[in-house]
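Got a new structure on screen and wondering where its labels come from? Let's walk through some of them together.

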Amino acid sequence: MNPLSAIYYIKNNKGRATLIIFMLFFTTLMFLAGNFIASIDWYWEKNIEHNEKMAMVEATPADTDYVQFHQVVKELEDDPKLHVLGRTGLGFPGLEWTSTIGIGMGGSSMVFSSKEDMETAFKALGLTADLSNVKDYSMVVSKAFARNKGLRLGDTADATVDKALDTTYTIDALIEEDTFTVFYLYETKPEDYFRMYVYSDSMEGDALYSYLTNLIGDRQVKLISRMKTEVHNSLVPMHIILIAGGFLLSVILAVTVNSVVNGQYIKRTYEFGVYRALGLSKGTVFRKCASELLLMDMIAIVIGAAVHFLLTFLLNELLYIPKGQYLPYVSWLGLTCFLISNLTVMVPMLIAKGVRMGRADVTEF
């Protein structure tokens, strides 16, 4: 085996290599930490998806006689590209759920004025549920949401819809998909519609919202802002704090790992001095150091990935899913935190050890 190869060093220095691999393994912990924070995003994914497919417009206080609102509604209903579902102007709350990291969060809600409208909306949103028992004052939630709240079919929940309307709603159907939106059925006459859901068979997201914005124009009718933007604005600060905290922890880890590795490589100064005396260039010595450290880092990453995927699987199956929660296996936030941590540790170490060993001189011993 080539003595300059990274495998040669690891094979002949198992104890030292194991210690370095163990230290580098801790950089992968940031991947798991990032996934825990990103787990909050999971609860909003379906809610955002629904909001991208089905927008809502409402009358504003400035439109005192609702003339402009009804004018817009008429145009929406007459537009062959759009479908319109009416709802009451009363506000219905989303119920609070508990996230994977233990933080309570309040969700969104959708209200329908008839069973037929709810069935139409569920079909448009791609939701699966048996709505045969749904009636006035029914509430429909997903099975995951019900597990999270400890609710079952037939249970009741107080929904303070308005100060003048404090009503108990009954869970009469459960949705198969993991949405955390609460769906209400509150029968309302068309003359009491002050909000309208709008969706299209051919548009969603940017296209749908731009189309509605142009149709409404400057009239006193409000297009409710997109949930995607609101959720993003509320979660980004938390993500930034995590990344900043992860960077600080990575600096501490880098100092610790480098001190351990530095001690091991100081003992090998004579070895590298011999290589230099035999005519090996500084670049060759640098590549040997880099290949050793990178191979140990790759081993640590593979072990870390295996441990984290197994741990995530066990946590989901035994703890989180039974409680209507979920820890993602992979997330961009987890990957970002891991890369920051790993590069913070590895880059200084590669440069410092490679350059130092390249300057080793056997005549100094």
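**Pockets and packed helices**

H3, strand E1 (54-59), strand E5 (109-112), strand E10 (193-200) and H8 each give at least two residues to the lining of the largest pocket. Keep in mind that this is a predicted model.

Q: What makes up the lining of the largest pocket, by class?
A: There are 9 nonpolar, 10 polar and 4 charged residues in that lining. The lining has 23 residues, and Met56, Ser108, Ser109, Ile224 and Met227 lie nearest the pocket's centre. Met counts as nonpolar and Ser as polar. The space in this pocket comes to about 430 Å³.

Q: Which residues line the second largest pocket?
A: They are Glu58, Ala59, Thr60, Pro61, Tyr66, Gly89, Phe194, Arg195 and Lys222. E1 and E10 each supply at least two residues here. The volume is about 160 Å³.

Q: What makes 3 residues in the lining of the second largest pocket count as charged?
A: Asp, Glu, Lys and Arg count as charged, and the lining includes Glu58, Arg195 and Lys222. The lining also has 4 nonpolar and 2 polar residues.

Q: Why is H3 called roughly antiparallel to H8?
A: Helix H3 (residues 29-53) and helix H8 (residues 227-266) pack at an angle of about 175°, with their axes 10 Å apart. Angles over 145 degrees count as roughly antiparallel, so H3 is roughly antiparallel to H8.

Q: Which residues of H3 and H8 meet?
A: From H3 come Met30, Ala33, Gly34, Ile37, Ile40, Asp41, Trp44, Asn47, Ile48, Asn51 and Glu52. From H8 come Met227, Lys228, Val231, Leu235, Met238, His239, Leu242 and Gly246. By class, that contact has 11 nonpolar, 5 polar and 3 charged residues.

Q: Why are H3 and H7 called oblique to each other?
A: The axes of H3 and helix H7 (residues 206-216) cross at roughly 45° and come within 8 Å. Under 35 degrees would count as roughly parallel, and roughly perpendicular runs from 65 to 115. An angle of roughly 45° fits neither range, so the pair is oblique. Asn51, Glu52 and Lys53 of H3 make the contact with Asp206, Leu208 and Tyr209 of H7. The classes there are 2 nonpolar, 1 polar and 3 charged.

Q: What makes H2 and H10 oblique to each other?
A: Helix H2 (residues 14-25) and helix H10 (residues 282-320) have axes that cross at roughly 55° and come within 8 Å. Roughly perpendicular needs 65 to 115 degrees and roughly parallel needs under 35, so H2 and H10 end up oblique. Their crossing is right-handed.

Q: Which residues of H2 and H10 make the contact?
A: On the H2 side they are Ala17, Ile20, Ile21, Leu24 and Phe25. On the H10 side they are Leu293, Met296, Asp297, Ile299, Ala300, Ile303, Gly304 and Val307. By class, this contact has 11 nonpolar, 1 polar and 1 charged residues.

Methods: Residues are numbered from 1 along each chain as its sequence is written. This is a predicted model: local features need pLDDT of at least 70, side-chain atom pairs count only at pLDDT 80 or more; totals for chains, interfaces and linings use all residues. Side-chain values use heavy atoms; hydrogens and water are left out. Axes are lines fitted to C-alpha atoms, for helices over the stretch in contact, and angles run from 0 to 180 degrees between N-to-C directions. Helices (H or I, at least four residues) and strands (E, at least two) are DSSP runs, numbered from the N terminus. A crossing is left-handed if the near helix is turned anticlockwise from the far one by less than a right angle, and right-handed if clockwise. Contact means heavy atoms within 4.5 Å. On a 1 Å grid over the protein atoms alone, a cavity is a set of points where a 1.4 Å probe fits but cannot get out, and a pocket is an open set with protein on both sides within 12 Å along at least five of seven lines; lining residues have an atom within 4 Å of a point. Grid points are joined across faces, edges and corners, and a volume is the space filled by probe spheres set on the points.
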